[in-house]
Each structure stands twice: as structure tokens, then as C-alpha cells.
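Open the structure in your viewer and keep the selection tool at hand. Each stop below tells you what to select and what is there.

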Amino acid sequence: MTISAPSLIVFGDRDPLYPISIAFDLYQAIPNASLWVVPNAGHGPVFGSHAARFVETAVSFLSGRL
């Protein structure tokens, strides 16, 4: 199976559960992917203090501006 839809990969650069290399592997493996590495964020960087920025980034991605 191949992912053919544009994909937004969001990853915290300080995730204690998964190494950042996974984000780069996904980015390279998925055609039409965009990668946002959230600075100073852990696991689940779309919540908490990074939530507003995630909404901005997701809307830009979904609008085709990313």
C-alpha cells in the first residue's frame, strides 16, 4: 500500500517516545509529504502551548499554502 494523499507530518523535536529520525524517514517515504518539526515540543505537540501554531500550520497545509 502506498500513501498517495498529501500528508502533514508533525513531530516534536523532544519526543521522549520516538526518535526524530522517524519523522525524517516518514517524510522521505511519503510522496507529497510536508514535515513540521515543532521546536521544544515533546510527544503530542499539537496540544498545549503549541496548539494555536498547529491550527495555523494545519489550515495552511489544508489550504495548499504549505
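The tour starts with the strands and then moves to single residues, a surface patch and charged pairs. Bear in mind throughout that this is a predicted model.

**Stop 1: the paired strands**

Select residues 7–12, which make up strand β1. Now add β2, residues 33–38. The two strands run parallel, and six bridges join them. Zoom in on phenylalanine 11. Its bridge partner in β2 is valine 37. Move to valine 10. Opposite it in β2 stands tryptophan 36.

Next, bring in α1, residues 21–29. Together β1, α1 and β2 make a β-α-β unit, and this unit is right-handed.

**Stop 2: serine 7**

Stay in strand β1 and select serine 7. Is serine 7 buried or exposed? Its relative accessible area is 16%, under the 20% cut-off, so serine 7 counts as buried. Show what surrounds it. Beyond the residues up to four places away in sequence, serine 7 touches Ile30, Asn32, Ala33, Ser34 and Phe61.

**Stop 3: two asparagines**

One of those contacts of serine 7 is Asn32. Select asparagine 32 in the loop between α1 and β2. Check its backbone: phi is positive, about 65°, although the residue is not a glycine. Most residues other than glycine have a negative phi. Asparagine 32 counts as exposed because its relative accessibility is 55%, over the 50% cut-off.

Follow the chain past β2 to asparagine 40, in the loop that leads to α2. Here too phi is positive, at about 60°, and the residue is not a glycine. With 54% relative accessibility, asparagine 40 is exposed.

**Stop 4: threonine 57**

Select helix α2, residues 51–62. Pick out threonine 57 within helix α2. What is its relative accessible area? The value is 7%, so threonine 57 is buried. Leave aside its neighbours within four places in sequence. Threonine 57 is then in contact with Leu8, Trp36 and Leu66. You met tryptophan 36 earlier, opposite valine 10.

Now draw a distance from threonine 57 to glycine 42. The two are 15 residues apart in sequence, and their C-alpha atoms are 17 Å apart in space.

**Stop 5: a nonpolar patch**

Switch to a surface view. Select Leu17, Tyr18, Ile22 and Leu26. These four form a nonpolar patch on the surface, with about 360 Å² of accessible area together. Focus on leucine 17, in the loop between β1 and α1. Leucine 17 is exposed, with a relative accessible area of 54%.

**Stop 6: the salt bridges**

Side chains of opposite charge can pair when their charged atoms come close. How many salt bridges does a search of the whole structure find? It finds two.

For one of them, select arginine 14 and aspartate 13. Their closest N and O atoms are 3.9 Å apart. Arginine 14 is exposed, at 54% relative accessible area. Aspartate 13 is partly exposed, at 35%.

For the other, go back to helix α2 and select glutamate 56 with arginine 53. These two residues form a salt bridge, with closest N and O atoms 3.4 Å apart. They sit three residues apart, about one turn of the helix. Glutamate 56 is partly exposed, with 47% relative accessible area. Arginine 53 is also partly exposed, with 46%.

Conventions
Residues are numbered from 1 along each chain as its sequence is written. This is a predicted model: local features need pLDDT of at least 70, side-chain atom pairs count only at pLDDT 80 or more; totals for chains, interfaces and linings use all residues. Side-chain values use heavy atoms; hydrogens and water are left out. Helices (H or I, at least four residues) and strands (E, at least two) are DSSP runs, numbered from the N terminus. Buried means under 20% relative accessible area, exposed over 50%, partly exposed in between (1.4 Å probe, protein chains only). Two strands pair if DSSP finds at least two bridges between them. A crossover is right-handed if, with the strands pointing away from the viewer, the path from the first strand over the helix to the second runs clockwise. Contact means heavy atoms within 4.5 Å. Patches are made of residues with over 30% relative accessible area and no salt bridge: like charges are joined within 9 Å, nonpolar side chains (Val, Leu, Ile, Met, Phe, Trp, Tyr) within 5 Å. Accessible areas come from the Shrake-Rupley method with a 1.4 Å probe; for residues, only the protein chains shown count as cover. A salt bridge is a side-chain nitrogen of Lys or Arg within 4 Å of a carboxyl oxygen of Asp or Glu.
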